[in-house]
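The following note is offered to a colleague who meets this structure for the first time. Please read the numbered points with the model in view.

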Amino acid sequence: MNGGVFMERRKFLQLSLMAGGVAALQAALPKVSAAQLRTVVLEECLDLSPLDMAERSEIVMQSWNFLRRAASEIRNASLQEAVFGILDNPAPTFTEPLSSEKDRKEVYHRLQVEGAVDEISFDQFLPPVEDPRKSPWPFLAGPGSGYQSHHAYPGGLVTHTAVNTMVSLSLYEHYKTVFDFNLDRDVVIASQLLHDLHKPWVLQWQEDGGSRTERKLAGTGEHHVYSVAESLHRGLSAEVCVAQACAHNHPGFPKDEEGAVCWLKAAAILTGKDPVKAGLLDSNGKTLPVPRRMENFVCHLGDHDWVLTVPAAKWVIEEMERIAVKDYGMSEADLKGRRFNQLRNYVFSQASIMALYHVLSTRGSDALSHTVRSIVIPA
């Protein structure tokens, strides 16, 4: 009898938590409903893979469907095929010719001459991969950034890329409406869809539930140069590769343009190409092709959700640690391992860091705690 009463109370508690948490989450993201929210107990999180979590998430899957619709709107058939090929399997194929240590050392030395590998030793050069024809993780499961940064959860790459692509397409439409001209829509879409294509490889999920630590290459996150190199290796146009390179900085001022030039040179070294002959740089080899294409700036402007999402992630992760200790009984040691990482991965993948930050910023810490408990029921 007591056991039955206990179970009834536990069931009632779960339903109450779920109802209240969904209400808080719906205020931030109306598309989330009780039917869509896959509530679990903490122990279940430990058995879920990053792909499991991404596929369970309504937010991630809606964003994934948007990315595929956007890719289907690319008019150039060969470009569309290449983009779908990467979304389906973002494998580091550009590394195939670098299978031998001799070839890797030669390329590493050339990058060293350019001053591009000051922060990466040869032993750290190129993340591990069993087969360069197969990505270690699907695009769908990739994190949006490093584990303490924006969209750092399974499927975060998808939600990050979806927002960026929407922003880029909005700029395309607004320039058309106000100034009465069309940019190259194929380049706008492709460059943004592919701007972070190698995050599933560079930020590989680890056994402890965290992701691989990214290093800097040519002064920026290594994923960026590798992603441009992949597009170049797969034969995408210079216009797409240059716009993609501009995601991390724009060519409006000489000092800013130096970054894009440096990344394109490094990508050319990785793929054994001459950046001028490949159309990546102007004939002087010091600037982007002149006159500079406007699509370069649109890709850069589209990749700016980090301005909000990086600090939002920092604040929500701090709150998650507090919630893990208070509501889930986790220790300081737990916060540094798989138990906490799997909890935050599941909660973030199902709700998104941004929706959770909206709850925190508009309704406070208690509402956030209630929302988290509605997604993962404490034991």
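**Note on the predicted model**

1. Contacts along the chain. The model discussed here is a predicted one. Among the contacts in the chain with a separation of 6 or more, 72% join residues 24 or more positions apart.

2. Overall build. The chain holds 17 helices and four strands. Its radius of gyration is 22 Å, close to the 21 Å that the globule rule gives for 379 residues, so the chain is as compact as a globular protein of that length. The C-alpha trace spans about 80 × 55 × 35 Å along its principal axes.

3. Burial, surface and charge. Of the 379 residues, 54% are buried. The accessible surface amounts to about 16800 Å², and carbon and sulfur atoms contribute 53% of that area. The chain carries 38 positive and 46 negative charges, and the mean positions of the two sets lie 3 Å apart.

4. Helix H5. This helix covers residues 77-88, and its 12 residues reach 16 Å from the first C-alpha to the last, close to the 16 Å expected at 1.5 Å a residue. Its buried residues are Leu 79, Ala 82, Val 83, Phe 84, Ile 86 and Leu 87. They pack against helix H4 (58-72), helix H8 (185-193) and helix H11 (238-245). As background to such a pattern, an α-helix has 3.6 residues a turn, so residues three or four places apart point the same way.

5. Leu 67. Which residues, beyond its neighbours within four places in sequence, are in contact with Leu 67? They are Leu 87, Phe 139, Val 158, Thr 161, Ala 162, Thr 165 and Leu 193. Leu 67 belongs to helix H4; its relative accessibility is 0%, and buried means under 20%, so it counts as buried. Leu 87, one of these contacts, is also among the buried residues of H5. Between Leu 67 and Thr 159, which stand 92 residues apart along the chain, the C-alpha separation is 9.2 Å.

6. Leu 140. This residue is placed in the loop between H6 and H7, and with a relative accessible area of 8% it is buried. Setting aside neighbours within four places in sequence, Leu 140 is in contact with Leu 51, Ala 54, Glu 55, Val 60, Met 61, Trp 64, Gly 155 and Val 158. Gly 155 is 15 residues from Leu 140 in sequence, and their C-alpha atoms are 5.5 Å apart in space. Val 158 is in contact with Leu 140 and is likewise listed among the contacts of Leu 67.

7. Gln 112. Helix H6 (residues 101-113) contains Gln 112. Is this residue buried, partly exposed or exposed? Its relative accessibility is 43%, so Gln 112 counts as partly exposed. The C-alpha atoms of Gln 112 and His 195 are separated by 24 Å, with their positions 83 residues apart along the chain.

8. Backbone points to check. Most residues other than glycine have a negative phi, and most peptide bonds are trans. Asp 180, in the loop between helix H7 (156-179) and H8, has a positive phi near 65°. Asp 180 is exposed, with a relative accessible area of 69%. Ala 218 also has a positive phi, near 55°, and sits in the loop between strand S2 (216-217) and strand S3 (220-221). At 9% relative accessibility, Ala 218 counts as buried.

9. The cis peptide bond. The bond from Val 290 to Pro 291 is cis, with omega near -5°. Pro 291 lies in the loop between helix H12 (254-271) and helix H13 (294-302).

10. Helices H16 and H17. In helix H16 (residues 353-363), the buried residues include Ile 353, Ala 355, Leu 356, Tyr 357, Val 359 and Leu 360. Gly 364 comes just after H16 and takes a positive phi of about 95°. Helix H17 (residues 365-375) is mostly covered, with eight of its 11 residues buried. These eight are Ala 367, Leu 368, Ser 369, Thr 371, Val 372, Arg 373, Ser 374 and Ile 375.

Note on methods
Residues numbered from 1 in each chain as written. Predicted model: local features only at pLDDT ≥ 70, side-chain atom pairs only at ≥ 80, totals over all residues. Heavy atoms only, no water. Helix = DSSP H or I, 4+ residues; strand = E, 2+ residues; numbered from the N terminus. Rg over C-alpha atoms; globule rule 2.2 N^0.38 Å. Buried < 20%, exposed > 50% of the residue type's maximum accessible area, 1.4 Å probe, protein only. Contact = heavy atoms within 4.5 Å. Areas by Shrake-Rupley, 256 points an atom, 1.4 Å probe, with all protein chains shown as cover. Lys, Arg positive; Asp, Glu negative; His and termini not counted. Charge placed at Lys NZ, Arg CZ, Asp CG, Glu CD. Expected span 1.5 Å × (residues − 1).
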